[in-house]
Each structure stands twice: as C-alpha cells, then as structure tokens.
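Hi,

Here is the structure for you to open. Have a look first, then read my notes below.

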Amino acid sequence: MARPSALAAALLAAACSAPPPKPAKPMVRDVHSHSNPHQVRMTHLDLDLDVRFDRKILEGSATLTLDRLDPTAPLILDTRALDIRKAEAAPATGDSFEATPHKLGTPDPNLGAPLTIDLPPNARRVRIHYATSPEASGLQWLDPPQTAGKKHPFLFTQSQAIHARSWIPLQDSPGVRITYRGRIRTPRELIALMSARRDFRLANPKEPPSGDYTFRMPHRIPSYLIALAAGHLDSRYLSTRSEVWAEPSVVESAQKEFADTERMTQAVEKLYGPYQWLRYDLLVLPPSFPFGGMENPIVTFATPTILAGDQSLVSLIAHELAHSWSGNLVTNATWSDFWLNEGFTVYVERRVLEALYGPARAAMESVLGYRELKDELARLPEKDQILHIDLDGRDPDDGVTTVPYEKGALFLRALEDAFGRERFDAFVRAYFAHFRFESITTATFRTFLEKNLLALDPAAAAKVPVEEWITKPGLPASAPVPVSDAFQPVEALAAQWKTGTPAGAAPKDWTTHHWLHFLRAFPPDTPASKLAQLDQAYRFTQSGNAEITGQWLIMAVRAGYQPAFAKLERFLISVGRRKFLKPIYEELVKTPAGRGRAAAIFAKARAGYHPIATSTIEGIIARPR
Ligand code: BES
Ligand code: ZN
C-alpha cells in the first residue's frame, strides 16, 4: 500500500495535471493549416530556445510528441520563413534521436510552407533544430530606444491567428491542443515570460535574473496561445494569484490601473465557475504592441495605451480575463468559428463590468460597441457580416472586425433576453464546463444550444432567429438595441454644439466613454472651424488618453484641422496598436495631400511597427484609389 505521503503526492500531482487527452474525434478541416492532425497529431511540445538579440533570431529546437493515428503517414507541420536545420525522430522514451528525412514545401503567401517529416515505424517524437527569420511575422524585436527604459532590448511574440508557425514548427491549427514546456535563454539582465507556469520567482531578491528560464503549461492549449516575451521587467503584486509585469518605469502605474483584477476574476468565477489556470498575471508591453490585449494563458499581454490613469479602459482587462473561459477553455476549432471566442468574451466582459461598476457602465460600453458595429456593417461586404464567416483562401486576420465581437455578443444578449438571465447563465456555465479544454465548431455549439437551451422553452426559442444570427449578413430585425441613460446629457451637449452654439463646460465626472460618444456625435463633414472651438473648450489635442486621441485624430484628418497634425505624427510614430493606426491611415489616404503625409509618417514610423501592423498599413498606402 502506498504510504500516506506518497498517496498525497500522487493525489496532488493528479489534481495539478491536465485531464487525459480525449480520444481523437473526426476533425473539421482547417483551411489555414497545411498540417495533418487527422493522421499524425502532436500532443506535447518541448521548446528549447536561445533569444539572440544580436541577430534578431530565436535559435534552438522544438520536440513534438506524436499520436500516430495513421501509422503510415508522415508528419506535416506548418512553418513560415523558418530556417530548418535538421529533423530527428525517436521512440516515446529515451534519448535515441536519429536524423530523419524532411522536406520544406513551396510557401503559400497566407499559410507559409508545409514541412513534411518522415517517421520511422517506432517514432513517437520528432525534434526539429531550427532558427527563426529576423522578419518573423509573429515576433517583434525592439531596440533599446523603442522601450520605456531605453537601455535594454525587448522581444515579444504574437501567435494569434497563424503566426506561431513563424517561430515554432508545429501544427498551427486551433483545433489541435497540446501541453508544452519551454526552456528559454536570454541575456542575463533580462527576464523571460511564457504563457505557462514559470519555474522561478522574482519576489526573492536573492534570485536575480539568471538568463535561463523554464516554463510548463500542464493544460492542453491551441498553438495560438503559445507566447514568449523577454525584456528588462519588474513585477508588482495585485493579489495572491495575480501580478503585473512591465518595464520598471511603468510597473507602478500599471499596478494602480489594474487594482481590480482580482475582483474581476472573482466576478467571472461567480458567474461561470472556477478559474482554471492557477495564476492570472498581466504583462504590459512597449507601445508598439499591435493589439490592445492578447489572452495568453497565465499571462495576458497588454498595450500600455490602456494606462489612462483613471481605470476607464480596464474593460480590456475584463475582456482578456474573460478569454480564460471563452477561448482558452473553450476554443474555436477553426478561424471561421472565431465569433465563439470573441462574441462570448465581449458578452462576459460586459457582465464583469456590470458586476464591478454597475449596469450604467456596462450599458455605455454596449452602446459604444453597438455604434461601432453599425458603422462597420455599413461598410463591410455582406460575406464579412456573417458570424460563421467563410475565410477560405484568405488571411484569418480578414475576419477580425467588430462582427465576431459585437454581433456575437449581441446574439448572446438576445438569447439572454429571451430566456431570462437565470436560465441563460446556467446554460453558459454548462457550456464552459462541458467543452473545457476542447476546440469546437459553430455546428457543435448549435447542437449544444439546441439541446440545452432552445429545446427547454420553444416559446422563448421562437423569439431568436438562430439560423439568421449565425449564417446571414446584417442584424435580425429582432436584435436588441443597447441604450444608455448616461449618454443623454452627452447627446444634449453635442446637439448644442452642432446647432452652432459653443456650449459650456462638461460635467466633471465624464469618463472616456462619455467623451468618445460625444466626439462620435459629430458628422464626418464637421469643419476645422468647429474642431477649433471644440479643442479650445475641451483640449482634445492635448488629451493623454489614447482612445480619445484616436477618435479626435480621425476627425482632425477629415476636417484638415492643422493644429492637431503635430500630435498626429507623434501618435502614429509612438503607438503601434493597429486599432488606432488603421482608421487614421485610412482617413489620411482619402486625399492626395493626406496620402503624401501618410507615406511620410509611415516612412518614419515603420521601423517601430510590428510586422502585423506594417503589413496592414502597407496595404492601406499601396491600395489604389
Ligand atoms: N484575441 C484578441 C486579439 C487578436 C484577435 C489577435 C485576432 C489576433 C487575431 C484579443 O482578445 C482582443 O480581442 N483584443 C482587442 C481588445 C478587446 C477589448 C476588444 C484588441 O486588441 O483591441
Ligand atoms: Zn478577444
């Protein structure tokens, strides 16, 4: 019989480790991967990489553990611009890796190149020795001047949607889930973080950075959630399970801004069940990070542009945290099912805001989101207005619009309205519990919805045209329309301005939400003279808030409002968040003079942009009118 201590250890190990992989199910084809998981499927990854700032490359090996469903098939992996040096194969255990033939196929502009590796009959693991390219689409290498501290370089990854393949050869499809371990070597003074449990603690001053770090992710995750960052980092306490990492000069303001992180986590837990990832940490990146946030498990990556000083932009934290359930626990199986990730996440995000800050705050955010959705629906081709979007032959980034986010959330809101909060909450809780650590398609969701919600109350179900929500463009006539009482005074003030009367001061307690709604109340033909008056009254050009600045600069470009142009240039050079860059550049290229200005600013800013932002902006500037 096992001694009690051994038994306890075994129980603890069982409790800490992931549930065993479920038997392989027939998979839907992912048009964004060359790989063959229906024949040979990776189940675990061991990464061993040197971070080489001198050459802007990662160099080392990736060892994949395989499930050979078809014993005769070779292994096919996704790669993009990788320098593959050697492939080796080995049985399940031991160290007897032996070279095995491999072949890199012709690269596809969207998908990269397939890497086919021959598998000897007993092979259960392959090891690939490789290096990344300095232009890897999923990596951004920052020189010291591009960081807050200006002294040390910085590296971060962004794997979603299909960029993991630019830094790791693997089956880069969200339908394939793996556990992983990482060993990362950096220059000594830097700290590395991965989207995994780290085997070091910084809180102990006796443990200075070693430049050699190990990580483990015990749960099965899709490849787009594998992440790495290395920089001169410090951390601050948020709660027993959360801390925030950032460059030393930023970390304290981040600690203040994110003080509600634990309350947010508890709010989601209360709604949808326990947090499953042990820790929830945050990493604030330099301003060139191309997104607002990225839900890398255990450590969310975030833009510094949400450090507004007044917590007015923390909905982004609620959003990335919510992904710990919607997305990281239950994952879209293909990028056509992306709305399952983002629609649920926006829905949960608003529920968190409501729980922490009250319904008025949640309502304001819903109204702002609805407005963005309506504006974008008016511009998008019909095929891109569909939740279950067809992305065959396209970059999955083309599907990243407000549709999966806001239309997805509105659909869930419609279900909540029809069935009542209590029943809908129970359904969502069951959904997360049932599909935890799985990747699912829209069809699987629909089957579950039918059985666990719609069938319970046909009268309520009749109110929600599910087929139309999921497969048709636009919004159903019965779609809910978010409203916010808090915006009434905002609209009144804007109306006064629009009739020509410079209006008085705004209430002191207006937050970013009020101001965004205020600015968006002005039509596209608002002239520079009106902007000058607004600027004099409310100092928009001087705003330190990135959301307000972003909106204001779009209006300034439209109107040709010169006094904002210096700010425009500074903003476009210092901030790399695509959500801000894209609409401003799009507005600029509408006139010949603006196009010239866009090209000139881009020439200066380009070196500081992430490859993902660079390709978006290049597309806008190159596009013929
Ligand atoms: N997972 C997304 C970011 C993403 C989506 C990266 C698709 C690459 C491809 C993240 O959760 C997200 O949605 N971020 C938003 C913020 C959010 C508050 C709407 C962003 O970055 O703006
Ligand atoms: Zn998201």
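**What surrounds the ligands**

Three elements, β19 (293-294), α4 (315-322) and α5 (338-357), each give at least two residues to the shell around ligand 1. Helix α4 supplies the largest share, three residues. Keep in mind that this is a predicted model.

How many residues surround ligand 1? There are 16, and Gln-160, Gly-292, Glu-295, Glu-320 and Tyr-405 are the closest. By type, the shell splits into six nonpolar, six polar and four charged residues.

Now the polar contacts. Gln-160 places a polar side-chain atom 2.7 Å from a nitrogen atom of ligand 1. In the side chain of Glu-320, an N or O atom is 2.7 Å from an oxygen atom of the ligand. His-323 has a polar side-chain atom 2.9 Å from an oxygen atom of ligand 1. On its own, ligand 1 exposes 520 Å², and the protein buries 88% of that.

His-323 also appears at the zinc ion (ligand 2). The protein donors there are NE2 of His-319, NE2 of His-323 and two OE entries from Glu-342. They lie 2.0 to 2.6 Å from the zinc ion. Along the sequence, the donor residues follow the spacing H-x3-H-x18-E. His-323 sits in the loop between α4 and β21 (330-332), while Glu-342 is in helix α5, so this pair ties together parts 19 residues apart in sequence. Both His-323 and Glu-342 are buried.

Regular or irregular: which is the zinc site? With six donor atoms and angles of 55 to 158° among them, the site is irregular. For comparison, ideal angles for six octahedral donors are 90 or 180 degrees.

Best wishes

Definitions and conventions: Residues are numbered from 1 along each chain as its sequence is written. Chains are lettered from A and ligands numbered from 1 in the order in which they are written. This is a predicted model: local features need pLDDT of at least 70, side-chain atom pairs count only at pLDDT 80 or more; totals for chains, interfaces and linings use all residues. Side-chain values use heavy atoms; hydrogens and water are left out. A residue is near a molecule or strand if one of its heavy atoms lies within 4 Å of it. A polar contact is a pair of N or O atoms within 3.5 Å; within protein, one must be able to donate a hydrogen and the other to accept it, and residues adjacent in sequence count only if both atoms are side-chain atoms. Accessible areas come from the Shrake-Rupley method with a 1.4 Å probe; for residues, only the protein chains shown count as cover. Helices (H or I, at least four residues) and strands (E, at least two) are DSSP runs, numbered from the N terminus. Ala, Val, Leu, Ile, Met, Phe, Trp, Tyr, Cys and Pro count as nonpolar, Asp, Glu, Lys and Arg as charged, and the others, Gly among them, as polar. Donors are N, O and S atoms within 2.8 Å of the metal (3.2 Å for Na, K and Ca); water is not among the atoms, so sites may look incomplete. Four donors count as tetrahedral if all angles lie between 85 and 135 degrees; four count as square planar and six as octahedral if opposite donors are over 155 degrees apart and all others between 65 and 115; anything else is irregular. Buried means under 20% relative accessible area, exposed over 50%, partly exposed in between (1.4 Å probe, protein chains only).
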